[in-house]
Amino acid sequence: MKRIIWMVLMNLWYVPYGITRLYRMAAHPEKYTEQERFGLLKKIDNRAVAGGRVTIEADGMELLPEQDGFIMYPNHQGMFDVLAILKVLERPFSVVFKKELENIPFVKQVIACFGALAIDRKDPRQGMKVIMQVTEEVKQGRNYLIFAEGTRSRQGNQLLDFKGGSFKAAMKAKCPVVPVALVDSFKAFDTGSIARQTVQVHFLTPIPYEEYNGMKTKELADLVKSRIEAKIAEMTETSEEEEN
């Protein structure tokens, strides 16, 4: 919360304009293109990240599929995760988020501009409808971000199990699956500090449909998790060696 307040204070001159634009677009998202809405979100995000004293180091963007219509699966460390990915990715994407967030002021407007989809984890039928909608939109060329852990780990750079059901949309759409490794993202909002932090975003080699065709959803979930864990282990070991 301290860093969020600091982000606002460092952008006081921009906040009225940015909030007004955000609420206007969110009220009638159909009047704006996805690129226009995504562009505004990036502008707000860029200013928030800079004002919040967070540096984002990213790599692997060149590995992303040339054609849109893929799903990214990052590990979930905290509230800053989407901001970190939005900061470094130039191609529009949407998000599947938990239903509990959909009526929070400001978050609600961001969700509308993302064209994001709310999933009720207590309602399997509604969850399947979301999966089918994601499937159809990905087939039409939209990119999505799904947190396969279902909730933030609250264990720093340690991962929770990846849920197989999170990969049903990818399997039905037969689209590339992009593992994304987030390192130290939890430090931005979840440590109660406004000290300078560095967050790492690593886009890993996409897994094409031909590679996971025939797998069960849980097998694909475990594969993606293992690749993310390996990357995080590599980066954290490197950081420890540099410190020593």
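Is Arg227 buried, exposed or partly exposed, and what is its relative accessible area? Arg227 is partly exposed, at a relative accessible area of 28%. The points below place this residue and others in their setting.

1. Basis of the note. The model is predicted, so local features need pLDDT of at least 70 and side-chain atom pairs count only at pLDDT 80 or more, while totals for chains, interfaces and linings use all residues. Residues are numbered from 1 along each chain as its sequence is written, and side-chain values use heavy atoms, with hydrogens and water left out.

2. Arg227 and its partner. Arg227 meets Glu211 in a salt bridge, with 2.8 Å from N to O; the term denotes a side-chain nitrogen of Lys or Arg within 4 Å of a carboxyl oxygen of Asp or Glu. Glu211 lies in helix α9 (residues 209-212) and Arg227 in helix α10, 16 residues apart. Helices here are DSSP runs (H or I, at least four residues), as are strands (E, at least two), numbered from the N terminus. Glu211 is partly exposed, with a relative accessible area of 37%. For these classes, buried means under 20% relative accessible area, exposed over 50%, and partly exposed in between (1.4 Å probe, protein chains only).

3. Lys225 and Asp161. Helix α10 (residues 217-243) also holds Lys225, whereas Asp161 belongs to the loop between β5 (144-145) and α7 (168-173), 64 residues apart. Their salt bridge has its closest N and O atoms 3.1 Å apart. Lys225 is buried at 12% relative accessible area, but Asp161 is exposed at 54%.

4. Lys42 and Glu90. A salt bridge of 3.8 Å, N to O, joins these side chains. Lys42 is in helix α3 (residues 34-51) and Glu90 in the loop between α4 (81-88) and β3 (94-98), so the pair ties together parts that are 48 residues apart in sequence. Lys42 is buried, with a relative accessible area of 9%; Glu90 is exposed, with 56%.

5. Salt bridges overall. The count comes to twelve salt bridges. Glu34, Glu137 and Arg142 are joined into one network by salt bridges that share partners.

6. Aromatic rings. The structure holds seven aromatic pairs. Rings of Phe, Tyr and Trp (its six-membered ring) pair if their centres lie within 6.5 Å; planes under 30 degrees apart count as stacked, over 60 as edge-to-face and the rest as tilted. Trp13 and Tyr14 form an edge-to-face pair, 5.8 Å centre to centre with 70° between the planes. Trp13 is exposed at 59% relative accessible area, whereas Tyr14 is buried at 9%. Ring pairs link both residues with Tyr17 in a cluster.

7. A charge over Tyr14. Arg47 lies over the face of Tyr14, 4.4 Å from the ring centre. The criterion is NZ of Lys or CZ of Arg within 6 Å of the ring centre and within 35 degrees of the ring normal.

8. A nonpolar surface patch. Ile4, Ile5, Val8, Leu9, Met10, Leu12 and Met79 make a patch of about 600 Å². Patches are made of residues with over 30% relative accessible area and no salt bridge; like charges are joined within 9 Å, nonpolar side chains (Val, Leu, Ile, Met, Phe, Trp, Tyr) within 5 Å. Met10 sits in the loop between α1 (2-9) and α2 (15-27) and is partly exposed, at 40%.

9. Cysteines. There are zero disulfides, a disulfide being a pair of cysteine sulfur atoms within 2.5 Å. Cys113 is buried at 3% relative accessibility, and Cys175 is buried at 3%.

How values were computed
Areas by Shrake-Rupley, 256 points an atom, 1.4 Å probe, with all protein chains shown as cover.
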